[in-house]
Amino acid sequence: MKEITTTKSNQMNIFIVLRDVWHNALFILMAAIIGFSAVTIYGRYVRVPEYTSSSTLVVAAKSTTYANAYAALSTASSMAGVLKEVFESDILMQKVKESEGNLPAGISVSANVISGTNLLVLEVTANDPKTAYVVSNSILKNYNGISDYLFSNAVLETVSEPQIPT
């Protein structure tokens, strides 16, 4: 059998590697500065942070009994679909602007009904965490005035309160 022997030409010499790094230190430093500058510029000027405050609501009919629970769930689910449109309406945002004063641009409101349930997830997205939280709370305070015009038999209860996003 042949024995495998290693020669000096097959081994990596650490001193040669260090010498090459030393000779190219200027280029390595310049690449690091360029990379750091690119990441800093992107983080400060290109990427716009978005903060989302969300809350979960349950929709129920006022005259619900256990005997007709399935019909009540069906009715509540359809009411949640209508409330979705109310939460995303311009009229509600006008009420929020009246109660909270001048709000910055870039606020988006979305409400999603969880399929097959009477749960509604309200999400407010803004460029600033405080704005998202304030608008989310204001929507929850002001929706009654608008939804009462649509139907008076809906009860909306908050399952999880909006939190200040981080």
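**Close-up views of the predicted model**

**View 1. R19 is partly exposed, with a relative accessible area of 46%.** The model shown in this and the following views is a predicted one. The side chain of R19 meets that of D20 in a salt bridge, with an N to O distance of 3.7 Å. D20 has a relative accessibility of 36%, and therefore also counts as partly exposed, since this class lies between the buried limit of under 20% and the exposed limit of over 50%. A search of the whole structure finds one salt bridge.

**View 2. A nonpolar patch lies on the surface around helix α1.** The patch is formed by M12, I14, F15, V17, L18, V21 and I28. Together these residues have about 730 Å² of accessible area. Helix α1, which spans residues 14–23, makes the greatest contribution to the patch, with five residues. V17 is located in this helix. Its relative accessibility is 34%, so V17 counts as partly exposed; residues enter a patch only with over 30% relative accessible area.

**View 3. Helix α4 has a buried side and an opposite face that carries exposed residues.** The helix comprises residues 90–100, and L92, M93 and V96 are buried within it. These three residues lie on the same side of α4, because they cover an arc of only 100 degrees around the axis. An α-helix has 3.6 residues a turn, so residues three or four places apart point the same way. On the face turned away from the buried side, α4 carries the exposed residues D90, I91 and E98.

**View 4. The two ends of helix α4 show local features of their own.** At the start of α4, S89 places a side-chain oxygen within 3.3 Å of the backbone nitrogen of L92. L92 is also one of the buried residues of the helix. Just after α4, the backbone of G101 adopts a positive phi of about 90 degrees.

**View 5. Strand β3 pairs with both β1 and β2.** β3 covers residues 119–126 and is mostly covered, as six of its eight residues are buried. Strand β1 (residues 51–61) runs antiparallel to β3 and is joined to it by eight bridges. Strand β2 (residues 108–113) is likewise antiparallel to β3, with six bridges between the two. V121 of β3 stands opposite T56, and V121 is also the bridge partner of N112. Elsewhere in β3, E123 stands opposite S54. In a regular strand the side chains alternate between the two faces of the sheet.

**View 6. β2 and β3 form a hairpin.** Five residues lie between the two strands. In the turn, G116 has a positive phi of about 80 degrees.

**View 7. T125 of strand β3 makes a polar contact with T52.** The contact joins the side chains of the two residues at 3.0 Å. T125 has a relative accessible area of 15% and is therefore buried, the limit for this class being under 20%.

**View 8. Strand β1 also pairs with strand β4.** β4 spans residues 154–160, and six bridges hold the two strands in the antiparallel sense. Among the paired residues, A61 has A154 in β4 as its bridge partner. β1 is thus placed in two pairings, with β3 and with β4.

**View 9. The close-ups belong to a chain with five helices and four strands.** From the N terminus on, the order of the elements is α-α-β-α-α-β-β-α-β. The chain has 166 residues, of which 27% count as buried. The buried residues include T125 in β3 as well as L92, M93 and V96 in α4.

How values were computed: Residues numbered from 1 in each chain as written. Predicted model: local features only at pLDDT ≥ 70, side-chain atom pairs only at ≥ 80, totals over all residues. Heavy atoms only, no water. Patch = residues over 30% accessible without salt bridge, like charges linked within 9 Å, V, L, I, M, F, W, Y side chains within 5 Å. Areas by Shrake-Rupley, 256 points an atom, 1.4 Å probe, with all protein chains shown as cover. Salt bridge = Lys/Arg side-chain N within 4 Å of Asp/Glu carboxyl O. Buried < 20%, exposed > 50% of the residue type's maximum accessible area, 1.4 Å probe, protein only. Arc of directions from axis to C-beta. Polar contact = N/O pair within 3.5 Å; in protein donor to acceptor, adjacent residues only side chain to side chain. Pairing = 2+ DSSP bridges.
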